[in-house]
Every structure is written in structure tokens, then in C-alpha cells.
Amino acid sequence: MIKFLWLIPMFPLLAAALSALAKQRQRKWAAGLAIGSMLLALALSLCAFGAALRGAGGDGVTRQVFNFPWFKFAEIQLSLGWVLDPLTAVMLVMVCFVGLLIFIYSVGYMAHDENFTRFFCFLSLFAAAMLGLVLSNSLLLFFMCWELVGLTSYLLIGFWYHKPSASAAAKKAFITTRIGDLAFLLGIAWLYSQTGTLLFYDAGKGCLEQSAMSLLVTRTTAIGLTASTGISLLLFCGAVGKSGQVPLHVWLPDAMEGPTPVSALIHAATMVAAGVFLVARVYPLFASSMLGIDGATTALTVVTWVGSITAVFAATIATAQSDLKRILAYSTVSQLGFMMMGLGMGGVAVGMFHLITHAFFKALLFLGAGSVIHGCHEEQDVRCLGGLRRFMPVTFATYAIGMLALSGFPLLFSGFWSKDEILHAAHHWSSSAWPFYLGLFGALLTAFYMTRQVFYVFFGNCRLALGRTTGSEQRMVAHAGLPATQHPRVELPPDPHESPSLMVGPLIILAIFSIVLGFFGTPAWPWFQAFLDGVPAQLSMARLFESSVLSVMGLSTAVVFLGLGLGWWMYGRKPDALNEGPDALEVIWPNLFELLRRKYFVDEIYEWAVVGLHARWALACDWLDRWVWNGAVQLCSLAVVGVAWADRFFDEYIINGGFDQACRRLRGGGGLLSRLQDGRVQNYLRIIGIALTVLALILIWGCRAA
Amino acid sequence: MAEMLDQIFVLAKHWLVALAPDQWQPFISALISAAGIILVFASLFALTTVLERKGLGRIQNRYGPNRVGPFGFLQPLADGLKTLTKEDLVPRAADRIVHYLAPLVLVVPVFLALAVVPLGRNMAAVDVDSGLLFFFAVGAATELSVFMAGWSSRNKYSLLGAMRAIAQMISYEVPLILSAVTVVMMTGSLSTVKIVAAQGGYTGWLPQWFVLTPWGFAGFVLFLIAAAAESNRSPFDLPEGESEIIAGYYIEYSGFKFALFFLGEYIGLFAVSGLAITLFLGGWHAPLSFLDGIPSYLWFFAKLLCLIAVFIWVRGTLPRLRMDQLMNFAWKFMLPLALLNIGVATVWRFMPAGTTRWVACSLLVVGPYVLLARALFDRAAIGKRTYRYG
Amino acid sequence: MSIFIILAALTVAGAVSALSLRNLVHCALALTVAFVGLAGLYLQLGAQFVGFAQILVYIGAVAILVVFAILLTRGSEPPRQPIFSPGWLGGAVVAAVVFSLLTGMVLSSEAVTREIPPLPQATVASLGEGFMTRYILPLEVLGLLLTAALIGAVIIALKEPRESP
Amino acid sequence: MTPLHAYLVLSALLFSIGLAGALIRRNAIIVLIGIELMLNAANLNFIAFWRFGPNPQALTGIVFAIFSIAVAAAEAAVGLALIISIYRHYQTANVDEINSMKD
């Protein structure tokens with residue numbers, strides 16, 4: 001099995017390559033290619049999963065690796081490889097499955113787009129890169145795929161590049177993540193310099209295994225940090241960038257400019273989770289440290305804090321957004337924060353569990369949002385939607401399931417169990433109680449804003465006719481791919497309609513999964529955690545009723561209900577007929593609402609900082625120009641004038657002569673200086689020649705001297 | 001005796017060289033071979049002109065030249081006298097030096113090119129290690145001469161003709177060289193002598209010439225077509241298409257210079273045909289094993305005459321192409337097939353000998369040919385004729 | 001030695017006239033003369049393949065390209081204004097300095113005193129083997145480069161669209 | 001038999017002729033020709049050092065020369081294409097009139 005693991009990413013890659021060659025017309029071909037490749041990949045990864053299952057159940061994690069030398073220069077040999085362990089297997093299945101569904105969905109969603117084939121080419125490329133990332137056993141390969149994923153994300157966010165906002169968002173996403181990746185790369189380099197290998201597992205020689213670990217832990221660097229801590233912090237920076245943790249979260253909401261399937265696949269389910277997966281993958285590195293603050297290592301503490309802060313931060317913002325997809329985006333950010341918390345406090349299993357469940361129901365939510373947008377003619381502003389549950393029942397039902405799962409509706413939905421795991425872990429976390437409270441607050445907010453959104457979109461009566469912003473008009477035209485003139489302008493748009501079955505089918509499947517998945521990780525039967533940790537799972541109802549578990553569960557349940565109730569009380573009771581009225585929250589705390597609506601002014605702050613820097617720099621240059629150079633010239637001319645003045649009292653000729661002379665000199669000097677910079681190639685070439693001569697002479701003399 | 005007869009020229013040359021003092025011997029031998037080549041091929045040129053004119057005449061249902069000498073075979077003599085005695089016109093606006101140099105730059109390289117063609121057993125004037133490359137390298141100089149002729153005689157027709165000719169030569173040089181490459185792949189050598197030696201053996205009576213293999217046959221055909229285009233023979237004689245641009249790049253030439261151009265054209269034809277013989281038709285080897293006794297150079301020249309006959313026949317038969325058709329033919333038809341042919345040669349090289357190899361390679365050659373021809377034919381809608389110059 | 005002197009004279013003469021003649025076409029033709037001379041030098045140095053390749057590439061391709069470019073840029077008739085750029089004196093001086101420097105270095109190096117080894121053999125076969133085994137990567141890269149150059153040249157030289165902003 | 005330094009001096013001469021041409025001529029094409037000459041001078045050096053070098057069987061010089069010939073061909077193609085398009089744009093091929101980078 002392990003031998004053929006590389007086939008899994010190979011199929012989508014092939015599909016991408018082939019559909020890159022496809023003509024614009026050959027839509028069926030491209031789509032079929034992509035979906036077929038995903039099917040094959042899914043089948044293979046199920047086999048892989050089976051293999052992992054057969055391996056599991058014993059004590060300790062069973063792990064097959066396959067490494068091969070890539071190239072060697074001098075005596076250094078770089079080798080790549082792939083690994084099959086429960087972590088990989090789970091991720092593989094998740095990515096393939098969700099990916100497949102979203103592929104199918106986007107056949108319906110992109111049906112009218114003229115660049116259909118390009119879209120599928122990018123999607124398949126993304127899938128290939130993601131799968132490669134998941135099963136890579138070498139930090140180098142991991143990084144390559146990581147960058148590939150980033151690239152495809154960039155391409156897909158800017159898919160409708162003729163929208164300025166889209167291209168801007170794409171650039172923003174790319175650059176912001178680069179900041180993190182720089183640190184990541186530094187971390188890799190450091191790790192390599194310390195251990196001399198980038199393979200995770202290499203029969204004892206890998207950088208995550210005993211020998212390397214002991215080495216890394218003992219070696220300490222600058223401010224009392226052990227090498228392992230430093231490296232893991234650097235790697236974590238990469239994770240922060242990729243999965244939109246504070247302070248690098250700004251790109252994720254803007255990324256919603258891309259087509260909705262992209263938002264679902266890349267910016268909700270898989271890619272942004274890659275950061276979390278990275279932390280999970282190199283967890284030993286994070287967890288290994290001598291001087292941990294009672295149990296939790298420095299690195300993990302950082303992870304926890306960043307995660308919890310992000311969770312609440314993003315959740316608060318989400319309560320005040322009005323764009324359907326932005327709300328989901330912020331909730332994604334906050335959920336990622338939850339996952340980080342889980343990793344930081346509860347270990348791999350907890351974080352990963354939430355990752356998997358979240359992948360499903362967040363994908364579901366996004367696809368639901370997509371079908372809403374699709375059905376309402378590209379309208380994204382929740383204040384302009386409403387009452388859709390009559391028009392698109394299936395979407396409503398599935399969306400409600402997803403929303404309940406996300407806000408963690410007790411006992412029935414997967415979100416509840418995974419989030420509860422995290423809270424439980426936080427409850428037991430010894431070093432500080434704050435993450436626990438933050439988590440609770442986050443859960444509360446999650447329930448609240450999801451309720452708000454659902455009430456806005458699906459209840460009340462349809463406000464679609466009133467609110468047709470020019471922006472959405474453009475979006476509609478852009479999406480239809482027609483120039484605005486020949487596009488059939490509708491003053492009163494036709495009623496929203498249910499999406500085609502091609503789009504609804506995936507919704508239903510995802511909905512089912514986002515209910516069922518939860519039961520694989522209940523405290524009663526923690527099969528998932530056991531599978532990841534490689535211990536046999538046993539069923540015991542009793543564990544469900546331990547005081548600690550029960551108390552946390554009760555608490556979170558209460559919080560969730562509080563959130564739901566609050567949402568209903570503020571938005572559900574009296575939905576405003578037309579979207580003039582201010583937001584209910586705005587009525588209560590206008591200032592706070594404004595603050596949240598503008599996302600804590602984070603963008604503005606960044607902008608101010610960067611622009612300010614440039615402005616100051618420019619000022620400096622300007623000052624230099626104005627005073628130093630210009631001053632010199634001024635001085636010269638002043639001197640000349642002085643001379644002239646002196647000369648006036650002498651002979652007339654001397655005046656004229658001196659004056660003219662001086663002016664000529666000045667002009668000559670100016671010309672001399674400017675000749676260095678005339679655009680003539682030959683002068684540059686000449687200067688090069690002189691430089692060559694001088695250099696050679698220096699060298700010769702150097703040799704003579706030596 | 002047959003041995004003697006076969007080697008007679010070689011022996012004669014050695015004997016002559018031996019007379020000279022030692023430090024002169026290399027030059028002497030070079031001189032002798034050069035003289036021999038020039039003599040032989042110049043006379044062949046004379047013969048060919050008559051043959052061509054008579055042949056064309058017969059094809060067009062008229063007598064060719066038949067007044068001067070027996071059956072008009074002294075016609076070239078008369079023509080030679082005429083051209084030599086004609087006034088040598090140079091236009092006033094012309095660039096005298098270049099105008100003067102152009103014919104020389106054409107004639108010298110083509111004679112040089114003949115030097116690497118083995119005319120018989122041990123009868124290659126120079127046997128350099130990379131003779132084929134030499135041939136093509138020298139052949140490249142002709143384009144320059146064409147340009148010089150066209151540009152120097154300040155005449156828009158001649159410039160036009162030169163441009164056409166250069167474009168045509170460049171485009172057809174690619175398939176020419178590519179189809180020669182297959183042979184190089186097989187013999188693993190660029191030396192013409194070695195290439196001929198590689199086709200020496202016989203299977204039963206039949207020779208082992210490359211033309212008798214699928215790839216060799218395809219290569220030979222491609223090579224002939226490209227050769228015709230390289231030496232501006234019809235149907236590729238647009239550069240001197242009388243009906244459009246009176247005589248192409250040598251409108252402004254007359255008298256001896258014109259004769260030189262004429263000579264150069266024909267010698268180029270001989271050279272490229274000789275190369276075709278060397279590459280595909282087994283050089284100077286006898287076509288059947290039991291005919292081995294007959295002197296090798298006779299075989300060579302027999303084959304040469306056959307090829308020239310083919311060229312004459314083609315000239316008499318086919319109409320002239322149009323410029324765009326010409327280019328399309330070069331780039332859309334010849335080039336792909338030449339590339340494919342290389343692939344076929346590779347397959348042939350690495351498949352075990354036997355009928356399967358034959359069948360596979362033949363299919364590989366024929367199938368794409370048919371398909372490509374079909375596609376191009378369907379594509380070729382007779383549309384409005386468009387000109388693109390500069 | 002005499003052959004060398006002849007070839008060198010040919011080459012230098014060709015080069016000088018290629019860069020000093022007034023009519024661009026003459027320059028191009030003189031350039032080909034210089035190339036021929038260089039090819040001869042290569043042959044005399046025993047590098048047969050390179051010599052022929054030189055002829056094939058430079059005379060068969062580059063010279064023709066140059067000529068075409070000259071005709072396309074209407075350079076074929078001699079220019080009205082002086083052919084030398086204003087700062088030609090400085091350029092000449094720089095060139096002279098570079099030449100004297102190089103020559104000085106060469107003559108002061110131990111190349112003067114080196115004895116002449118026997119003529120080495122560079123058969124085409126060995127060369128080809130080298131290309132296919134040891135220098136395979138450069139070869140591939142070169143192929144890539146040539147392709148890129150081809151496409152790039154075509155794209156650059158395409159006609160500008162009429163309604164250029 | 002010709003000694004090494006003769007070749008070296010010759011190539012130095014060629015190089016500086018090319019340099020001079022590239023420096024003092026106005027027409028871009030001639031400048032390009034000068035550059036080609038410089039490249040050829042370098043090639044001559046390679047071959048000369050290969051022939052007089054310690055181990056000529058390595059063929060390094062020849063291979064390098066061949067590569068540089070190919071590169072020179074590519075360079076010529078692109079350069080001339082550039083010149084042509086510049087000519088189309090400015091209606092001139094004089095390098096000292098093409099100085100729009102100046103301002």
C-alpha cells in the first residue's frame with residue numbers, strides 16, 4: 001500500500017495537467033476529468049485508511065513510511081518521502097471526500113462561467129497539492145506542497161480577476177501568508193541545520209524521533225529558548241499565516257471574493273486547516289521541552305493563547321458582519337482558533353477531531369451559502385435576503401443542520417462533541433483558566449451570530465426586490481461573464497429558486513455526515529481519539545456521566561442555548577420587513593457595533609503602519625534631495641553670484657566674463673553629472689569597460705603584492 | 001583487373017602526388033582533387049542542361065535543341081560562347097562590389113560541398129570526421145549569396161526574389177537536415193565515407209541501403225522534396241518565377257555572371273543529389289551483389305543521373321506553388337513528418353529485427369502521413385490570396 | 001604559423017570593417033568574413049565540429065538574421081547623419097585601454113612560455129557521448145533556452161496592435 | 001606552430017574591436033554585431049585553452065564553446081527582434097536617440 005501512496009495526489013495532478021490543455025469549450029471533459037480523478041483518489045485513500053485501521057488497535061501509533069533520495073550535492077543528500085499513519089489517513093479521506101463533493105457541487109455552481117475549464121484545472125491542482133501536503137513525510141516536501149496550495153488559493157481567489165476587489169484580495173492573501181511562510185522557511189532551515197534531516201520519520205533518524213528530539217531539547221539558544229521551542233514557534237508562524245490566526249487573519253475574510261466552492265474547499269475545509277495539520281504533524285516538536293510551565297511547553301502555551309484569542313476575536317467580528325460569506329469566513333477563523341486551542345491543550349486528537357467535523361459542517365455551510373447566492377442572483381448581503389426557507393427548503397434544512405452543528409447544538413450534532421472535547425481539555429488545563437472562559441465566550445458568540453445569520457437569511461419575508469445594490473449587479477454581470485450592456489438587466493428580479501440537484505445533493509450528504517461524525521468522538525466512545533493515539537477504543541457509557549465531563553457539557557449546552565436564545569430574541573422575533581432599519585445589535589451598542597463592523601480597524605491599522613512607513617521614507621528621501629544635493633548646487637550658485645557681485649565693482653568685462661564663465665562652469669558640471677544618467681546604453685557600456693579595467697588592474701596588483 | 005579499373009583514378013592521383021616534393025604534397029593532392037571535381041561536374045552540368053531542355057521539350061511535345069552538333073548535344077558549347085561574349089551589364093545604382101561577389105559566393109561553396117561526397121571507393125576528396133555537418137555548413141553560404149545578388153542589384157523584383165528564396169531555403173533546410181539526422185542516428189557517424197560503408201552489405205542479392213527501410217524511404221522522399229526546394233527547382237522555383245518577378249534575384253545579371261549563377265544552381269543540385277545518394281541510396285555501392293565488379297564511380301554517376309532525370313521529370317510535370325502554400329507545406333507537413341521519422345528511426349533502432357519491426361515502422365510512417373494529409377487537405381480552403389512582405 | 005597569420009588578418013580585417021563601414025549591409029557581409037576567419041582558426045586548433053558549427057550557425061543563421069533586421073529597419077541605405085555616436089572618442093579610448101590591458105596581462109602571463117602539446121583529438125562521437133552523458137543537463141537547459149528565445153523573439157517582433165493605447 | 005599567446009592576443013584584439021564597435025557606433029544593429037564579436041572572441045579563448053590545456057580529452061572547452069555559440073544565436077534572435085520592435089515604435093534604430101529612460 002505504502003508504495004502506491006504517491007498515486008493519490010498524482011491523479012488530480014494529472015487531471016490538472018490534462019484539463020490545462022483543454023479548450024474553453026470542453027467543459028464536460030474537464031469536469032469529468034477532475035471528478036473522476038477525485039473518485040480514484042478517494043478510492044485509494046479509503047484503501048489507505050483501511051490499511052491504517054488494520055495497523056491500529058495495538059499500542060502506540062503504527063506508522064509506515066517510504067523515503068527515497070531526491071538529489072544530493074557534495075555529501076549532503078536530500079530525501080523526500082511519504083508517511084501513512086492515522087493522522088494522514090484521516091486527513092486523506094476527509095480531503096478527498098469533501099473535495100469530491102465540492103467538485104460535483106461546483107459543476108452546478110460554475111455552470112454559466114466561461115472559464116469553467118480553468119476553474120477545474122486550478123481545483124484539481126489544489127487537490128493534488130493538498131493531498132501531497134497531507135501525506136508528505138519530509139518537511140521540505142511539506143513546504144513545497146504548502147506553497148503550491150498557497151499558489152492555487154491565490155489563483156482561485158483571483159479567479160474573477162476582472163473584478164478589482166478580487167485581484168486585490170488575491171494579492172492580499174498571497175502576501176499575508178508569505179509573511180508567515182518566511183518564518184516557516186526560517187524554521188525549516190534552522191531545523192535542518194540542527195538535525196541535518198528534514199524527514200519526519202526515518203527509522204529513528206527522522207527529525208521528529210527520539211535522537212533528534214533529545215538533541216533539540218538539550219540545545220538552548222538566545223533567550224533561554226531551547227532549539228525545539230524556537231523552531232516550533234517559527235513553524236507556528238507559518239501555521240498562523242496559513243490558517244488565519246491573529247494577527248495574520250486579515251486575508252481570510254477578503255478571500256471570500258473567490259467563487260463560493262473555492263471558499264468552501266480551500267478557505268473553510270482544507271487549506272486553512274493545513275496550518276492546524278502542520279502543528280499536529282510536528283506535534284512532538286511542540287510537545288518536547290524540558291522547561292515546560294508545569295506540563296504545557298512554551299510552544300504549546302503560545303499556540304493555546306493565540307488560538308483562544310483568535311477564537312473570541314474573530315467571533316466578535318462575525319457578529320456584526322453583513323456579508324453572508326464574510327460571516328462564515330470569520331466563523332472559520334474563530335473555529336480555527338478553537339482547533340489551535342485544542343491542539344495546545346488537549347493534544348493532537350482533540351484538535352484534529354474538531355478539524356474533521358468542522359471541515360464537514362463548514363463546507364456544508366459554505367455550499368449552502370453558495371446555493372443561496374446562486375438562487376438569489378448573486379445577492380450576498382444578508383440584509384437584502386430573507387424568508388428564503390419558503391423558496392429553497394432543502395437548502396434551508398441542510399443549512400440549519402450545519403448551523404446547529406457549528407454552534408454546537410447538544411448531543412445530536414458533531415460540532416457539539418468536538419467543541420466539547422476542546423472545552424473539556426481547556427477545563428483541565430492547569431496553567432491558566434482563561435482559555436476555558438474564552439472558549440465558552442467564543443461558543444456563546446458562535447451560537448449567537450449563526451442564529452443571527454439564519455434569521456436574517458431564511459426567516460422574515462423576502463427583501464430581495466428592495467435591496468439590489470449596484471455592487472451585486474456588477475457581481476452578477478461579472479459572474480455571468482457577459483459585458484454589462486448585453487446582460488438582461490432585471491429591475492425586479494425573479495423569485496429566488498431552489499438550486500439544481502447537482503448542488504443540492506452534496507449539501508444533503510454533507511449534512512448527514514455533519515451529524516453522524518460526532519458519534520465517533522463522544523466521551524462515551526472516543527474511537528477517533530483512540531485511533532489517532534493508537535490505543536484500542538472501548539465503549540463505556542459511564543465516562544459520559546463523570547462529574548467533570550458532565551459539568552463541562554452542561555455548561556457548554558447552557559451557553560449554546562443562551563446564544564441561540566439571544567439570537568432569536570434580537571433577530572428572530574420581529575424581522576424588519578425592509579432593510580432600512582439598523583441592525584438590532586446596533587440599536588443597543590452603536591459604537592461597539594461600528595467597531596466590530598469595521599473589524600477592530602485592523603486593516604486600517606495595517607494600512608496606516610505600512611503607508612506611514614513609506615511616507616516617512618519618502619519624506620527622508622525628499623529631505624535629502626531638498627537640502628543636501630540642492631543645497632550643494634545652491635551654494636555653488638551663491639558663490640558665483642558673490643563673485644559676480646564682487647566683480648561688479650571692477651571692470652565691466654570682468655563682470656560679464658566672470659559671470660558667464662561661472663555659469664558655463666555650472667552648466668558644464670550639471671551636464672557632467674547628468675551624462676552619467678542619460679538613457680544611452682553606450683555610456684553605460686563604456687563605464688562598465690572602465691570598471692573592468694580598474695578591477696583587473698587592482699587584481700593584478702593584488703597578485704603582485706601577494 | 002576490376003580492382004584496377006575501380007581504383008584507377010585513385011592510383012593516378014597518388015602517382016601524380018608522389019612526383020611532387022614532400023612539403024608540397026598536401027596542396028598538390030588537394031589541387032588535383034579540386035581540379036578533378038570541377039572538371040567532371042562542369043561537364044556534367046553541360047550535359048545536364050541539354051538533357052533537361054530536350055526532356056522538357058519532349059514532355060511539352062516539341063523537339064528540344066537539336067541543331068548544334070549531333071542531336072544538339074553541342075548546344076551548351078554554343079551557349080557558353082554566347083554568354084562569354086555577351087556584355088556584362090551592371091546597373092548604375094547597383095552596389096558594384098557586392099554585385100560582383102555574389103556569383104562567386106554562390107559557386108565556391110557548392111563546389112566545396114561536393115568535396116565531402118564520396119564519388120567512389122576511396123574517392124572522397126576530403127574525408128572529415130564531421131563531413132555531413134561540413135556539407136550543410138557550406139550549403140548555408142548560398143543563402144548569403146542569394147541575398148547579396150538580390151540586394152546589390154537595386155531592383156525591387158530581385159530583392160523580392162531574394163527574400164522569397166531566403167525564406168524558402170531557411171524553411172526547407174529544417175526538414176532537409178532532420179531527415180538526414182535519421183541516417184546519422186543509424187550509422188552513429190557524421191562522416192560520409194562511414195555512412196556509405198554502413199550500407200555496404202548485401203542480404204542475398206538485395207543491398208542494405210537505407211532507402212529500403214520504412215524510415216529510410218520516408219526520409220529519402222522528404223529529403224528529395226526539401227532538396228528540390230533548397231536548389232530552387234520547380235515546383236519550388238518561386239524565387240525566379242518568371243510570371244511574377246521576372247527572374248528573381250538575377251534579373252540584373254547577364255553574361256558570365258549569369259552563367260556562373262546558372263552553374264552554381266546546377267552544381268548545388270548535383271551536390272545535394274549526391275548527398276541523397278550517399279545517405280540513402282548506398283553511395284557508390286552496386287544495387288545488386290553480383291554487379292559488384294563494375295567500377296564504383298560508374299554506379300555513383302548512374303544514380304546521380306537517375307535522380308537528375310527525376311528532377312527533370314518533376315519539373316516538367318508539376319505546376320509552381322504559391323508562396324503561402326509553400327510555407328504551409330514546409331512547416332505544417334514536412335517538419336512534422338521529419339520529426340516523426342526520427343521517432344520511427346528510434347523505434348527501428350531499438351526493436352528486434354524481424355517482420356514485426358517492419359510492420360510497426362511502416363504503420364508508424366504511413367498512418368500519420370495519411371492523417372496529416374487528410375487534415376491539411378480538409379483545411380485547405382481555396383480563399384482569397386494574401387501577400388505578406390516585410 | 002603562416003596560415004594562422006592569414007586567418008587572423010582575415011578575421012581582424014573583417015571585424016574592423018564590419019564595425020567601421022558606412023553601409024550596414026556591407027557591415028553584415030564583412031561580419032560573415034570575420035566569422036569565416038574564426039571558423040578557420042577553430043579548424044586549425046583541431047576543433048572541427050565547433051568550426052563547422054560556427055559556419056552553420058553564424059553564417060547560416062545569424063548573418064541572415066542581421067541582414068533581415070537591417071532591411072526591416074531600413075538600414076540598407078547609408079544614413080545621412082554621422083555614423084559615429086557623439087561620444088565616440090571616449091569609447092575608442094576605453095576600447096584601446098581594455099585591449100592594452102588584456103594584451104599586457106596575456107604577455108605577462110606564463111602562456112608565453114608554455115610549450116605546445118600535440119594536437120588533441122575531438123571526434124564527433126566522443127563529443128556526442130559527452131553531450132548525452134556528462135553535459136546532458138546543460139544540453140537540456142540549452143534546448144529550453146532556445147525554445148524560449150524562439151517564442152520570445154516571435155512575440156516581441158509581432159506587429160504592435162493598431163489601437164495601441 | 002602557433003603558440004598559445006598568439007591566439008590570446010588575437011582574441012583580445014577581437015574583443016576590443018567588438019567593444020569599440022559597440023561603444024562608438026550609433027546603429028543598434030552594429031552594436032549587436034559588436035557584441036557578437038566579443039562573444040566570438042571569448043569562444044576563441046575557450047578553444048585555444050582547450051587545445052593548449054593540460055587535459056584536452058575532457059572536451060570542456062569545446063563543449064563550452066558550442067553552448068556559447070547556441071546562446072549567442074538565441075541572443076542574436078531576441079536582440080534583433082527587440083531592435084525591430086523598437087524601430088517600429090521610435091522609427092529609428094540609433095541607440096543615442098532611444099533614451100526615453102532618461103526622463
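Among contacts in chain A between residues at least 6 apart in sequence, what percentage join residues at least 24 apart? I looked this up and obtained 77%, where two residues are in contact if their C-beta atoms, placed from the backbone, lie within 7 Å.

I record that this is a predicted model, in which local features need pLDDT of at least 70, side-chain atom pairs count only at pLDDT 80 or more, and totals for chains, interfaces and linings use all residues. Residues are numbered from 1 along each chain as its sequence is written, while chains are lettered from A and ligands numbered from 1 in the order in which they are written.

Chain A. I noted 28 helices and 2 strands; helices (H or I, at least four residues) and strands (E, at least two) are DSSP runs, numbered from the N terminus. Of its 706 residues, 50% are buried, meaning that 20 or more other C-beta atoms lie within 10 Å of the residue's own, with C-beta atoms placed from the backbone.

Chain C. I found 6 helices and 0 strands, in the pattern α-α-α-α-α-α along the sequence. Buried residues account for 38% of the 165 residues in chain C.

Chains C and D. I counted 69 residues of chain C in contact with 63 residues of chain D. On the chain C side, H3(C) gives the largest share, 12 residues. That side divides into 56 nonpolar, 11 polar and 2 charged residues; Ala, Val, Leu, Ile, Met, Phe, Trp, Tyr, Cys and Pro count as nonpolar, Asp, Glu, Lys and Arg as charged, and the others, Gly among them, as polar.

Methods: A residue is buried if 20 or more other C-beta atoms lie within 10 Å of its own, exposed if 12 or fewer, and partly exposed in between; C-beta atoms are placed from the backbone.
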